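Q: I should like to learn how domain interfaces, buried helices and salt bridges are read from a set of coordinates. Could we work through one case together?

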Amino acid sequence: MLAQGFDVVIVGARCAGSPLATMLARQGVNVAVLERATFPRDTLSTHIFEADGLAFLDRLGVTDQLHATGAPFMMRSNSRAEDFRFNVEWPQRAGDVGGSASVRRTLLDPILVGAAEQAGAEVRMAADVTGLVQDDGRVTGVRVRTRGREDELRARLVVGADGRNSTVANLVAARKYNVVPNQRFAYWAFFEGANMPAEPTNVFHRWADKFVISAAADNGLYQVIVIPELSELPRFRANLERSFMEHALSCEPVAEALEGAQRVGKLFGMVHYNGFFRDPCGPGWMLVGDAGHFKDPAPGRGIGDAFAQVDAAVPKIMAGLGGSLEVQDAALTMWGRWRDHEFSDHYWFANDLGKAGRVPAVFPQMVADLHDKGQIGRFLDLFTHREKPSQVLSPGRLFGSAGRLLRRRPQGRRALMNEVRTLVGENARHQFLNHRHAYATAAEALKPAGATEVDATSTA
């Protein structure tokens, strides 16, 4: 067995692993990236990322390659919360290059890997991590099998960036906490020949039992995501094509776009998933991206969240590599606390969006009130991770909007007050769990999180 030494070994080369490798390698860190798949290889993903993700990729230096895919940088959002609708520009900040984009992962992931290789990282594809190297309880490397060859890679730090079913997380027995099961499922497809608006627009409509997202994608394609309630899954699967189209066409802007369009490729689906946090780090290891934290995909934040975590992790990793092992552990612990604090609000917001049934009646009123006050950009910034739900959808706004709704619909007073009490109680419980985590059992933590790679041989 050949032994090699690196500063950092990163397991996983997608939206967390490759950008992390790029940023570290550019600062002179000796980095190895290990990826089980060979690219291009599709993965289950919304494919959509927002303004903060576009700005991150621009700083990474890959904007020209993103443009080359043909994916427009969408500047408008066509949104619906029950009966309230609005169509506005995505808010922009200094350094932004667009509002949102949809790039298929078969194109995006190779771009990210290429940036890592160009920066000087050693990238190994078709590389399976089979175990960890440990010294006195500290992770000091990995054992990896690449095309039948066994190697041992030693490193000061091992990073798990290998998705929801993280090998690294399982090997270090990272605990899951605040686990929330899905109440909806998602299917998505791409279409050619769509009748898209002149100004590329992201569609996000959530009403009654319907939930539809769409976006102009790369190579002139149009992406449609439907997110039905989990109780609908057996009926949905009985005739997947018809069920998908019925749900998609119930959304007016999508129905207009798909008139005369043809689906390209198969339908993709993600039907079983849990939201969770995992222990973020330990002696000689850390988890980034979906390996350490996965939220309901309803707001389409997986890619952007991975970028945000990497951006914050790099200075902590650099500080740790420049000091003692104790300094490294302390730096990563600080990053872990930041991660939980930064993402907890958004985690519960995503789970609320992904619940079955209608959204609470007061929610569209809150959105409408923000719109009427010229603050709808703050609501959209919940999807760019630049505003916190607890601040935008604050208790004060909740009670104010409930009061306005009561004045318009006094006959629903009891139901609305019960709803408000439920929301206040749920928020209190969430805040408690943010500080006193509800840990899953060891068996639950090791349970597979569902498929993450797309099986090229399957039909749906």
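A: Let us begin with a definition: a residue is buried under 20% relative accessible area, exposed over 50%, and partly exposed in between. The model before us is predicted. At 36% relative accessibility, E241 therefore counts as partly exposed.

Q: With which residue does E241 form a salt bridge?
A: The general idea is that side chains of opposite charge can pair when their charged atoms come close. In this structure the partner of E241 is R263, and the closest N and O atoms of the two are 2.3 Å apart. R263 is partly exposed as well, at 30% relative accessibility. R263 belongs to strand β16 (residues 262-270) and E241 to helix α7 (residues 240-249), so the salt bridge ties together parts that are 22 residues apart in sequence.

Q: Which residue forms a salt bridge with D218, and how many residues apart are the two in the chain?
A: D218 pairs with R104, with 2.6 Å between the closest N and O atoms. This pair links distant parts of the chain, 114 residues apart: D218 is in the loop between β14 (210-216) and β15 (222-226), while R104 is in the loop between β6 and α4.

Q: Is D218 buried or exposed?
A: D218 is buried, as its relative accessible area is 0%. R104, by contrast, is partly exposed at 23%. A further pair may be read in the same manner: R154 and E152 meet in a salt bridge with an N to O distance of 3.3 Å. There R154 is partly exposed, with a relative accessible area of 32%, and E152 is buried, with 17%.

Q: How many salt bridges does a search of the whole structure find?
A: The search finds 31. Salt bridges may also join into a network, as they do among E50, D52, K295, R301 and D305.

Q: How is the size of an interface expressed?
A: It is often given as the accessible area lost when the parts come together. Here the chain is divided into domain 1 (6-72 + 99-180 + 276-351) and domain 2 (358-435). Their centres, taken over C-alpha atoms, are separated by 34 Å. The area buried between them is about 1500 Å², and carbon and sulfur atoms give 57% of that area. On the side of domain 1, D345, W348 and F349 lose the most area to domain 2, together 42% of what that side buries.

Q: What polar links are counted between domain 1 and domain 2?
A: Eight residue pairs are in polar contact, with both residues at pLDDT 80 or more. The rule finds zero salt bridges across this interface.

Q: Which elements give two or more residues to the side of domain 1 that touches domain 2?
A: They are α2 (51-60) and α10 (325-353). The largest share, eight residues, comes from α10. By type, the residues of that side divide into six nonpolar, four polar and six charged.

Q: How many residues of α2 are buried?
A: An α-helix has 3.6 residues a turn, so residues three or four places apart point the same way. In the present case α2 is mostly covered, with eight of its ten residues buried. Among them are D52, L54, F56 and L60. The elements covering the buried residues of α2 include α1 (17-25), β3 (48-50), α3 (63-68) and α9 (302-321). Just after α2, G61 takes a positive phi of about 90°.

Technical notes. Residues are numbered from 1 along each chain as its sequence is written. This is a predicted model: local features need pLDDT of at least 70, side-chain atom pairs count only at pLDDT 80 or more; totals for chains, interfaces and linings use all residues. Side-chain values use heavy atoms; hydrogens and water are left out. Domain bounds come from an automatic or database domain assignment. Buried area is the accessible area (1.4 Å probe) that two parts lose on being put together, summed over both. A salt bridge is a side-chain nitrogen of Lys or Arg within 4 Å of a carboxyl oxygen of Asp or Glu. A polar contact is a pair of N or O atoms within 3.5 Å; within protein, one must be able to donate a hydrogen and the other to accept it, and residues adjacent in sequence count only if both atoms are side-chain atoms. Helices (H or I, at least four residues) and strands (E, at least two) are DSSP runs, numbered from the N terminus. Ala, Val, Leu, Ile, Met, Phe, Trp, Tyr, Cys and Pro count as nonpolar, Asp, Glu, Lys and Arg as charged, and the others, Gly among them, as polar. Buried means under 20% relative accessible area, exposed over 50%, partly exposed in between (1.4 Å probe, protein chains only). Contact means heavy atoms within 4.5 Å.
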